[in-house]
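Me: I want the reasoning behind the labels on this model. Take me through them one at a time, value against cut-off.

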Amino acid sequence: MTLFLGLGIAGLVLLVLTLVFDGVLEGLFGGTSFLDGLFDGLLSLPVIAGFVSMLGFGGALVLGTTGLGAGPATAVGIGAGAGAGWLTWRFSRSLMRDEPSATPRGTDLVGSSGSVVTPIPAEGYGEVLVYLAGQPVKLAAKSPEPVARGAEIWVEESLSPTSVAVRPVQR
């Protein structure tokens, strides 16, 4: 029973370590070409951790609740471990295939309107608040003419990821 519980706890510890130190172990073996891809797929550390923990806890459960010996407990543990490993592998594959949404770029702001938060001196920098996809974005802004705080502006050009060229809206 102690061996099975030890395996279950060791599997959980390995799982926590793989989640906390994601990629560290794989990085340790980065210079050795014969280990390339070893920790991918069915031999990934989360899959191994799921297998070991379910082998241990499944075996301990059988030993503790039935009168069966270590052989049947090991067989049940291997079955539970294989199931947990397969589910972990399928779940991680589905997560890795999940496509992230497109990240907005500074050029997406061109043509947007906003308002001045910090006054912009002529040929100097101030701050503006612009809305991108409904979210407020505060950026450094440059204008050829001075723009007062609270004035409405129009984004003319993206200068960098955090700054834009603007012009005041004439009413």
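Reply: Start with serine 92. This residue of the predicted model is partly exposed, with a relative accessible area of 27%. Serine 92 sits in helix H4, residues 70-97.

Me: Why is serine 92 called partly exposed?

Reply: Buried means under 20%, and exposed means over 50%. The relative accessible area of serine 92 is 27%, so the residue falls in between and counts as partly exposed.

Me: How far apart are serine 92 and serine 44, in sequence and in space?

Reply: They are 48 residues apart in sequence. From C-alpha to C-alpha the distance is 9.7 Å.

Me: What makes valine 116 buried?

Reply: The relative accessibility of valine 116 is 4%. The cut-off for buried is under 20%, so valine 116 counts as buried. Its place is in strand E1.

Me: What is valine 116 in contact with, leaving aside its neighbours within four places in sequence?

Reply: Glu127, Val128, Val147, Ala148, Arg149, Gly150, Ala151 and Ile153. A contact needs heavy atoms within 4.5 Å. Alanine 151 is 35 residues from valine 116 in sequence, with 5.5 Å between the C-alpha atoms.

Me: Why does glutamate 123 count as exposed?

Reply: Its relative accessibility is 52%. Exposed means over 50%, so glutamate 123 counts as exposed. This residue belongs to the loop between E1 and E2.

Me: What is the phi of glutamate 123?

Reply: It is positive, about 55°, although glutamate 123 is not a glycine. Most residues other than glycine have a negative phi. The hairpin of E1 and E2, where glutamate 123 lies, has six residues between the strands.

Me: Which residue has a positive phi in the turn between E2 and E3?

Reply: Alanine 133, at about 55°. That hairpin has two residues between its strands.

Me: How do you know that E1 and E2 pair?

Reply: Pairing takes at least two bridges. Four bridges join E1 to E2 (residues 125-132), so the two strands pair, and they run antiparallel. The bridge partner of threonine 118 in E2 is glutamate 127.

Me: What makes E1 and E4 a pair?

Reply: Three bridges join E1 (residues 113-118) to E4 (residues 152-160). At least two are needed, so these strands pair too, and their direction is antiparallel. Serine 113 stands opposite tryptophan 154 in E4.

Me: How many bridges link E2 with E3, and how many link E4 with E5?

Reply: E2 pairs with E3 (residues 135-142) over eight bridges, in the antiparallel sense. Tyrosine 131 stands opposite proline 136 there. E4 is joined to E5 (residues 163-168) by six bridges, again running antiparallel. Tryptophan 154 has arginine 167 as its bridge partner in E5.

Me: Why is the pairing in the barrel called mixed?

Reply: E3 and E5 run parallel, joined by three bridges, whereas E1 and E2 run antiparallel. Alanine 141 stands opposite valine 164 in E5. Five strands close the barrel in the order E1-E2-E3-E5-E4, with mixed pairing. From one strand to the next, the twist averages 55°.

Me: Now the helices. Why is H1 called roughly antiparallel to H3?

Reply: H1 (residues 2-20) and H3 (residues 45-65) pack at an angle of about 155°, with their axes 7 Å apart. Over 145 degrees counts as roughly antiparallel, so H1 earns that label against H3. The crossing is left-handed.

Me: Which residues make the contact of H1 with H3?

Reply: From H1 they include Phe4, Leu7, Gly8, Leu12 and Thr18. From H3 they include Pro46, Val52, Ser53, Phe57 and Leu63. The contact residues divide into 16 nonpolar, six polar and no charged. Gly counts as polar here.

Me: Where do these pieces fall along the chain as a whole?

Reply: From the N terminus on, the order is α-α-α-α-β-β-β-β-β. That is four helices and five strands.

Me: What share of the chain is buried?

Reply: Buried residues make up 26% of the 171 residues. Among contacts between residues at least 6 apart in sequence, 48% join residues at least 24 apart.

Terms used: Residues numbered from 1 in each chain as written. Predicted model: local features only at pLDDT ≥ 70, side-chain atom pairs only at ≥ 80, totals over all residues. Heavy atoms only, no water. Axes fitted to C-alpha atoms, helices over the stretch in contact; angles between N-to-C directions. Parallel < 35°, antiparallel > 145°, perpendicular 65-115°, else oblique. Left-handed = near helix turned anticlockwise from the far one by under 90°. Buried < 20%, exposed > 50% of the residue type's maximum accessible area, 1.4 Å probe, protein only.
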